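Okay, my turn. Let me put the model up and talk you through it.

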Amino acid sequence: MPDEHESEDASLLADQIAYYRARAGEYDEWWFRKRRFDRGPDLNREWFDDVAIVERALFAFIEAARPERVLELACGTGLFTRHLAPRVRHVTAVDASPEVIACNRARVEGDNVEYVLADLFAWKPADRYDMVFMSFWLSHVPLGRFDAFWSMVRQALVAGGCAYVIDSAIDPTSTARDHPAPDAGAGIVTRKLNDGSQFRIVKLFHDPASLTRRLAAVGFDATIQRTPRYFIHGNARCGPRTKRPGNAPVAAPSR
Ligand SMILES: C[S@@+](CC[C@H](N)C(=O)[O-])C[C@H]1O[C@@H](n2cnc3c(N)ncnc32)[C@H](O)[C@@H]1O
């Protein structure tokens, strides 16, 4: 029987899926600073400047690392799939919402994207990829599931492969005007849709230093930076695992 904590966690994660399903048609308003996300010309300019920084850094990374096969976790409506697909040979894009996958398909032209409808907390990769990409997903992974999640990422990578993370830095103006200001500690927030309906979701704000430490503890050598205001971004390279006597796996020291 699941204990009370597990049932609470499962219900929160189910609410999180329901939220993104219901939000699919209005999701992009956040990224393009429309309607409730419009914070006025000055803050919008800071947002778009930070967007340009994370996009340029991603393009430069792909140019240098030349991944061929990319796994995109929680692909959403395609705000990043549209950038990945033309730059790599193949993208496998996973998301739990059929509604956002439909938006993604409509946005991303190209026959090199394969969509997988799956719950990432249950899904296991059957293939290996050169790069695992996730934008604005890690902040929705409860800390209690962090290690298991990164073990799945490791399983999805070829030897020498790497993960790439883009996510939210904590800033009171990053979310909609009618959302409560982000709270660094809580980890659970209430989100509203345009029709006023409310959902509870997980939202954790990782900072570059603590995320780098957490990733080192699960065997990833990460280089994570913060843009001036709104985002964190960077890559995490997967080191080999060594075995302790008694077979308990331990992360290899970072290179
Ligand atoms: C904040 S959005 C990020 C979307 C996209 N990566 C982007 O940058 O715009 C989070 C995404 O996670 C998906 N999602 C939520 N829970 C999920 C789960 N358990 N398994 C897979 N996808 C999930 C949602 O459907 C949504 O598309």
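**Fold, pocket and one threonine**

So, contacts to start with, meaning heavy atoms within 4.5 Å: of those in the chain with a separation of 6 or more, 63% are between residues 24 or more positions apart. Bear in mind this is a predicted model, where local features need pLDDT of at least 70, side-chain atom pairs count only at pLDDT 80 or more, and totals for chains, interfaces and linings use all residues. Residues are numbered from 1 along each chain as its sequence is written, and side-chain values use heavy atoms, with hydrogens and water left out.

The C-alpha atoms fill a box of roughly 55 × 45 × 35 Å along the principal axes. Of the 255 residues, 51% are buried, that is, under 20% relative accessible area with a 1.4 Å probe, protein chains only.

Where does threonine 175 sit? In the loop between strand 5 (157-168) and strand 6 (188-192); strands here are DSSP E runs of at least two residues, helices H or I runs of at least four, both numbered from the N terminus. Is threonine 175 buried or exposed? Buried, with a relative accessible area of 7%. Leaving aside neighbours within four places in sequence, threonine 175 touches Arg33, Phe37, Arg39, Pro180 and Arg191.

Secondary structure overall: seven helices and 11 strands.

Conventions:
Buried means under 20% relative accessible area, exposed over 50%, partly exposed in between (1.4 Å probe, protein chains only).
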